[in-house]
Amino acid sequence: MLSVAACTLWLLCKCGFCLCFRSELLSDYGISGTVTEDFLDVEMTSFIFRLSIFHPADVLAAGAVYAEPTSEPLARHLKGLPERLVGLGSHAGDSLRAANGSARGLCNADSLSGEQEASDKDNKVAEIVSLLTADDEDGSAARKNGLDFLGLALLSGVESDAKRLMKQEMQSLQQLRHLWWEPQIAGVLQACAMRFPAFGGSVWLVWRWLGEMQLPGLFRVAEHLTATVFVDHRRHGFAAPPQSPQVAFLRFLHLVANFEWRSRPLRVCFDVDTPLNAEQERLSDASFDRFRLYPTIHTVFDPHGFLIPTPEPATFDRFVQNARSALLKLSGTLSRPSTTADVWREVFTPDLRSFDIVLSLVDPLRAHAGAASKKVSHKRYANVESIHTTDNAMSLCGLEMPACRRRYLFLRLISQLREAYSDALILAYNPVAASLMAGGMPAFLALKVRPGPLIMRRADPAVLLPLCGIQTNDGGSDSEEEHTDAEDCVKRKNPKQSCSFELTVNPVLLVSSLMSMAHGLVESVHVLT
């Protein structure tokens, strides 16, 4: 790991390299560019190329942990993170060592507060897991027993240290993902496209289906599944690879619908001439038993499934259900060939009946379209935001295209909704329409209320009313009557004070809050029954 001084020096060197590169391009070839501390935009004819510089040392440390075939280095790394970076107290450190990877060891079974504390710890572990393995834009909330130690870091009582811990770990993992893993995957996928003529069209067909089904965060998963349909077709029971995108799409649906995602990992091989050997399969099974990711996709570049972006379990469950439904509809065309066209059209038609609220989005730049059309350059980025790239909102601030502005505003809205309603709502939208190539913003945003917030929850007025600024009377003859017997004294409270409220989600307030948060982006709100 580089020291703070070395990192600062390397950042200055990167910026200096970009400045020198821009100066040489301008003096030797007359090519202009824009420099920031992170990248260089080179303008050539009708394209803009974004260049960035990194050192191998930026990813070596993370690669030795996440890309190691055995799971021991990763388990030791996650186990030592809280003590190494946050500096837990002696009591917390002893509890960590005694827990042995399970938050249940910290639960006090003798008190209700201990059970609540353990429940909070479990929830925090799930949040940390989602941050580590999720897409930059689309979260996943899976339960992974091997990451309990990392979750306990946020329970040490120092919020700033917890944020620093998560920021450092996420940055190292994202650097490894973007600077090493994604180029490797892009190379093997390009090799698959060169070897199988129908591969490229098949991936695009799967992407289009994912977009119509409102399934974000699954582009990389779909690429891996399509690759295994072509390369490892014999393992899945087919004699030859598919010869058309339609056949590949059917096999893709068959794989998704019938694979046992919760009980075993999906091992993807990109080269049929060098399949995984018995030792690699044993290590893959051992990693799955230790970390229990959902879904789990293992490759030679990602032996533990931490590098591939995955959606949250609710979105992946809906993905599997939609695949089963589509496969069932298409299987009916074998006996009724005349309905084939209608069935295929129905498979690619979104069904919004499973959602509760649909927000119809409007172009936030349409009011300034006339003034902006005179200034907007017609150049487009050649290597920024391919279809499957997952970028965050802040990385788009320097881009001057209307699609970039739309996507920035849309991602900012998604981020605000996830921060405010991560425990209450499931977000769904068309990820293809939200890409820069399609304009940066989908036509609508579908919301599903999770079952948990709909359950009636009991609240004590003595606790709730002071939070609302209402004072309560704890004593006095009006609120309490005493009846004395010869043997004992019985205290009976007024029913108005002993009763409690039952609270649940208010749809009217929820819709009002959504409208206020998405002001300027939402044209209308539809509450589905």
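**Exercise 1. Locate Phe21 and describe the nonpolar surface patch to which Phe21 belongs.**

Solution. Step 1: Phe21 lies in helix H1, residues 4-29; helices (H or I, at least four residues) and strands (E, at least two) are DSSP runs, numbered from the N terminus. This is a predicted model, in which local features need pLDDT of at least 70 and side-chain atom pairs count only at pLDDT 80 or more, while totals for chains, interfaces and linings use all residues. Residues are numbered from 1 along each chain as its sequence is written, and side-chain values use heavy atoms, with hydrogens and water left out.

Step 2: Phe21 has a relative accessible area of 36% and is therefore partly exposed. The classes are buried (under 20% relative accessible area), exposed (over 50%) and partly exposed (in between), with a 1.4 Å probe and protein chains only.

Step 3: Phe21, Met44, Phe49 and Leu51 form the patch, with about 310 Å² of accessible area together. Patches are made of residues with over 30% relative accessible area and no salt bridge; like charges are joined within 9 Å, and nonpolar side chains (Val, Leu, Ile, Met, Phe, Trp, Tyr) within 5 Å. Accessible areas come from the Shrake-Rupley method with a 1.4 Å probe, and for residues, only the protein chains shown count as cover.

**Exercise 2. Summarise the protein by its secondary structure, burial, contacts and surface.**

Solution. Step 1: The protein has 19 helices and 14 strands.

Step 2: Among its 529 residues, 43% count as buried.

Step 3: Of the contacts with a separation of 6 or more, 69% are between residues 24 or more positions apart; a contact means heavy atoms within 4.5 Å.

Step 4: The accessible surface is about 28400 Å², and carbon and sulfur atoms hold 55% of it.

**Exercise 3. Determine which residues are joined into one salt-bridge network, and where the partners lie.**

Solution. Step 1: A salt bridge is a side-chain nitrogen of Lys or Arg within 4 Å of a carboxyl oxygen of Asp or Glu. Side chains of opposite charge can pair when their charged atoms come close. By this rule there are 15 salt bridges.

Step 2: Asp232 is paired with Arg235, with the closest N and O atoms 2.8 Å apart. Asp232 is buried at 15% relative accessibility, whereas Arg235 is partly exposed at 48%.

Step 3: Arg235 also forms a salt bridge with Glu281, where the closest N and O atoms are 3.4 Å apart. Arg235 lies in the loop between H9 and helix H10 (245-258) and Glu281 in helix H11, so this pair ties together parts that are 46 residues apart in sequence. Glu281 is partly exposed, at 23% relative accessible area.

Step 4: A further salt bridge joins Arg450 to Glu312, with the closest N and O atoms 2.7 Å apart. This pair links distant parts of the chain, 138 residues apart: Arg450 is in the loop between strand E9 (444-449) and helix H16 (451-454), and Glu312 is in the loop between strand E5 (297-298) and helix H12 (313-331). Both Arg450 and Glu312 are buried.

Step 5: The network consists of Asp232, Arg235 and Glu281, joined by salt bridges that share partners.

**Exercise 4. Describe the surroundings of Ser287 in helix H11.**

Solution. Step 1: Helix H11 spans residues 278-291 and contains Ser287.

Step 2: The relative accessible area of Ser287 is 1%, so this residue is buried.

Step 3: Leaving aside neighbours within four places in sequence, Ser287 is in contact with Ser71, Arg292, His298, Pro303 and His304.

Step 4: With His304 there is a side-chain to side-chain polar contact at 2.8 Å. A polar contact is a pair of N or O atoms within 3.5 Å; within protein, one must be able to donate a hydrogen and the other to accept it, and residues adjacent in sequence count only if both atoms are side-chain atoms.

**Exercise 5. Examine the backbone geometry of Arg292, Pro295 and Gln214.**

Solution. Step 1: Arg292, a residue other than glycine, has a positive phi near 55°. Arg292 is placed in the loop between H11 and E5 and is partly exposed at 35% relative accessibility.

Step 2: Pro295 is also in the loop between H11 and E5. A cis peptide bond joins Tyr294 and Pro295, with omega about -5°.

Step 3: Gln214 is not a glycine, yet has a positive phi of about 60°. Gln214 lies in the loop between helix H8 (199-212) and H9, and is buried at 3% relative accessibility.
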